[in-house]
Amino acid sequence: MSAFERIRLALSVLAQVIAAAWLIMGAYFLVMYYTDTENHLRHEYLMGVSLSFLYAASFSIGSALFAVSVKKVISKKTFRLLSVPALIVGLAFLVTYLGSVAYDLASRT
C-alpha cells in the first residue's frame with residue numbers, strides 16, 4: 001500500500017468517525033425533542049436533527065468515496081464497513097427530506 005493509499009484510507013476512517021459523531025448529536029436532539037415537552041421552542045430540535053443527518057450523510061458519502069479509491073488494497077469487510085453506512089445514512093436523510101416535502105405538499109392542499 002502506497003503512502004497516498006494510506007492517506008486516503010485514513011481520511012475514509014476519519015470521515016466515518018465524524019459522521020458517527022454527527023449521528024450521535026442528531027440522536028441527542030431527537031431525544032431532547034421528545035423529552036422537553038414544556039418548551040415552546042422545541043421544534044428547533046428537529047432542525048438540529050435535520051442538520052446532523054445532512055452533515056452525517058455528507059461525511060459518510062465522503063468516506064465511501066475515499067473507500068472506493070482504495071478498494072483494491074483493502075479487504076471486502078473493511079470496504080463494507082466504510083461504504084454501507086453511507087447508504088444507510090443517505091437513505092435516512094432522503095426519507096426524512098422527502099417526508100417533509102410530502103407533508104408540506106399535503107398540508108398546502
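In helix α3 of this predicted model, the buried residues are F79, L82, S83, A86 and V89. Helices α1 and α2 are among the elements that cover these positions. One of the buried residues, L82, also marks a kink of about 25 degrees in α3, and the proline P85 follows shortly after the kink. The end-to-end dimension of α3 was compared with the value expected from its residue count. At 1.5 Å a residue, the 33 residues of α3 should span 48 Å, and the end C-alpha atoms are 47 Å apart, which agrees.

Helix α2, residues 44-69, was examined in the same way. Its 26 residues should span 38 Å at 1.5 Å a residue, and a distance of 38 Å between the end C-alpha atoms agrees with this. The buried residues of α2 are Y45, G48, V49, S52, A56, A57, S60, S63, A64 and A67. Their cover includes α1, which comprises residues 3-35, and α3, which comprises residues 76-108.

Within α2, S60 has a relative accessibility of 0% and therefore counts as buried, the cut-off being under 20%. When residues up to four places away in sequence are not counted, S60 touches Q16, A19, P85, A86 and V89. Of these contacts, A86 and V89 are themselves listed among the buried residues of α3, and P85 is the proline that lies shortly after the kink at L82.

Aromatic contacts were considered next. A pair of aromatic rings is described by the distance of the centres and the angle of the planes. A search of the whole structure finds 4 aromatic pairs. One of them is formed by W22 and Y55, with 4.7 Å centre to centre and 55 degrees between the planes, a tilted arrangement. Because W22 lies in helix α1 and Y55 in helix α2, this pair ties together parts that are 33 residues apart in sequence. Neither ring-bearing residue reaches the buried class: W22 is partly exposed, with a relative accessible area of 23%, and Y55 is partly exposed at 35%.

Ring pairs also link Y28, F29 and Y45 into a cluster. Of the cluster members, Y45 appears among the buried residues of α2. A further ring, that of Y33, is involved with a charged group: the charged end of R42 sits over the ring of Y33, at 4.2 Å from its centre.

Key: Residues are numbered from 1 along each chain as its sequence is written. This is a predicted model: local features need pLDDT of at least 70, side-chain atom pairs count only at pLDDT 80 or more; totals for chains, interfaces and linings use all residues. Side-chain values use heavy atoms; hydrogens and water are left out. Helices (H or I, at least four residues) and strands (E, at least two) are DSSP runs, numbered from the N terminus. The expected span of a helix is 1.5 Å times one less than its number of residues. Buried means under 20% relative accessible area, exposed over 50%, partly exposed in between (1.4 Å probe, protein chains only). Contact means heavy atoms within 4.5 Å. Rings of Phe, Tyr and Trp (its six-membered ring) pair if their centres lie within 6.5 Å; planes under 30 degrees apart count as stacked, over 60 as edge-to-face and the rest as tilted. A charge sits over a ring if NZ of Lys or CZ of Arg is within 6 Å of the ring centre and within 35 degrees of the ring normal. The bend at a residue is the angle between axes fitted to the seven residues ending there and the seven starting there.
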